[in-house]
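Student: I would like to go through this model step by step. Can we begin with the overall picture and then turn to single residues?

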Amino acid sequence: MKVAFKVINILLLVFTVIPAAIGAVSGLILSTSELGGLAFFGTILALIPAAVTIYMAIKGLRGDYGTASKIAFFILFIDVILLFISSSRASCIFQIILLGVYIYMAKSLQKIW
C-alpha cells in the first residue's frame, strides 16, 4: 500500500503542477490586458488550492501521513463546497472520491507505520 500511496502522490503532483503552471501563465498574460489587477488577483486565488495540494503530496511522499491526511481533509472540504457552486460537478465528484481514497490510504499507513 505504501508504493500505491507514493504513486498517487506523484500523480497528484503531476496533475496539479501542470494545470497550475498553465493557469499562472495565462493569468499573467491576461493581467497585461484591460482586466489588469482583477485577472492577477483571480490567478493568485486559483493557485492557492494547487499550492496546498502540492504541499500535501510532498508531505505524503516524505511519509508524513498524519499531516497529509489533515491537509487532504481541508482540500476535501473545499471540494465539497465547490461541488455546489461549480459547473463541473463530475470533476468535483471525481476529486472527492480520489481524496476519500487518499485519506483512507494515509490513515491506514499512519496506523501501520
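Student: What percentage of the 113 residues of the protein count as buried?

Tutor: The model is a predicted one. A residue counts as buried when its relative accessible area is under 20%. Of the 113 residues, the share that meets this is 32%.

Student: How many helices and strands does the protein have, and which pattern do they follow along the sequence?

Tutor: The protein has four helices and zero strands. Read along the sequence, the pattern is therefore written with helix symbols alone: α-α-α-α.

Student: What share of the contacts with a separation of 6 or more comes from residues 24 or more positions apart?

Tutor: A contact here means heavy atoms within 4.5 Å. Among the contacts in the protein with a separation of 6 or more, residues 24 or more positions apart account for 63%.

Student: How is the pair of Phe5 and Tyr65 classed?

Tutor: The structure holds two aromatic pairs. In the pair of Phe5 and Tyr65, the ring centres are 5.5 Å apart and the planes stand at 65°. Planes over 60 degrees apart count as edge-to-face, so the pair of Phe5 and Tyr65 is edge-to-face.

Student: Which helices does that pair link?

Tutor: Phe5 and Tyr65 are 60 residues apart, and their pair links distant parts of the chain. Phe5 is in helix α1 (residues 2-31), and Tyr65 is in helix α3. The helices are α1 and α3.

Student: Are Phe5 and Tyr65 buried or exposed?

Tutor: Phe5 has a relative accessible area of 1%, and Tyr65 has one of 7%. The cut-off for buried is under 20%, so Phe5 and Tyr65 are buried.

Student: How is the pair of Phe5 and Tyr102 classed?

Tutor: The ring centres of Phe5 and Tyr102 lie 4.8 Å apart, with the planes at 35°. Stacked pairs have planes under 30 degrees apart, and edge-to-face pairs have them over 60. An angle of 35° fits neither class, so the pair of Phe5 and Tyr102 is tilted.

Student: Where in the chain does Tyr102 lie, and which residues form the aromatic cluster?

Tutor: Tyr102 lies in helix α4 (residues 89-112), 97 residues from Phe5 in helix α1. Both Phe5 and Tyr102 are buried. The cluster is formed by Phe5, Tyr65 and Tyr102.

Student: Which backbone oxygen does the side chain of Ser69 reach?

Tutor: Ser69 is found in helix α3 (residues 65-85). Ser69 is buried, with a relative accessible area of 0%. Leaving out residues up to four places away in sequence, Ser69 touches Ile103, Ala106, Lys107 and Gln110. At 2.9 Å, the side chain of Ser69 reaches the backbone oxygen of Gly66.

Student: Which residue supplies the backbone oxygen that lies 2.6 Å from a polar side-chain atom of Thr16?

Tutor: Thr16 is in helix α1 and counts as buried at 12% relative accessibility. Not counting residues up to four places away in sequence, Thr16 touches Ala50, Thr53 and Ile54. The backbone oxygen at 2.6 Å from a polar atom of the Thr16 side chain belongs to Leu12.

Student: How far apart in space are Ala57 and Thr16, C-alpha to C-alpha?

Tutor: Ala57 lies in helix α2 (residues 37-62) and is buried, with a relative accessible area of 0%. Beyond its neighbours within four places in sequence, Ala57 is in contact with Asn9, Leu12, Leu13 and Tyr102. Ala57 and Thr16 are 41 residues apart in sequence, and their C-alpha atoms are separated in space by 9.7 Å.

Student: Which residue meets Asp64 in a salt bridge?

Tutor: A search of the whole structure finds one salt bridge. Asp64 counts as partly exposed, at 29% relative accessibility. The bridge spans 3.8 Å, N to O, and the partner of Asp64 is Lys59.

Student: What is the approximate area of the nonpolar surface patch that includes Leu11?

Tutor: Leu11 lies in helix α1 and is partly exposed, with a relative accessible area of 42%. Patch residues need over 30% relative accessible area, a cut-off that the 42% of Leu11 passes. The patch is made by Val3, Val7, Ile10, Leu11, Val14, Phe15, Ile18 and Ile22, and its area is about 780 Å².

Terms used. Residues numbered from 1 in each chain as written. Predicted model: local features only at pLDDT ≥ 70, side-chain atom pairs only at ≥ 80, totals over all residues. Heavy atoms only, no water. Helix = DSSP H or I, 4+ residues; strand = E, 2+ residues; numbered from the N terminus. Buried < 20%, exposed > 50% of the residue type's maximum accessible area, 1.4 Å probe, protein only. Polar contact = N/O pair within 3.5 Å; in protein donor to acceptor, adjacent residues only side chain to side chain. Phe/Tyr/Trp six-rings, centres within 6.5 Å; stacked < 30°, edge-to-face > 60°. Patch = residues over 30% accessible without salt bridge, like charges linked within 9 Å, V, L, I, M, F, W, Y side chains within 5 Å. Areas by Shrake-Rupley, 256 points an atom, 1.4 Å probe, with all protein chains shown as cover. Salt bridge = Lys/Arg side-chain N within 4 Å of Asp/Glu carboxyl O.
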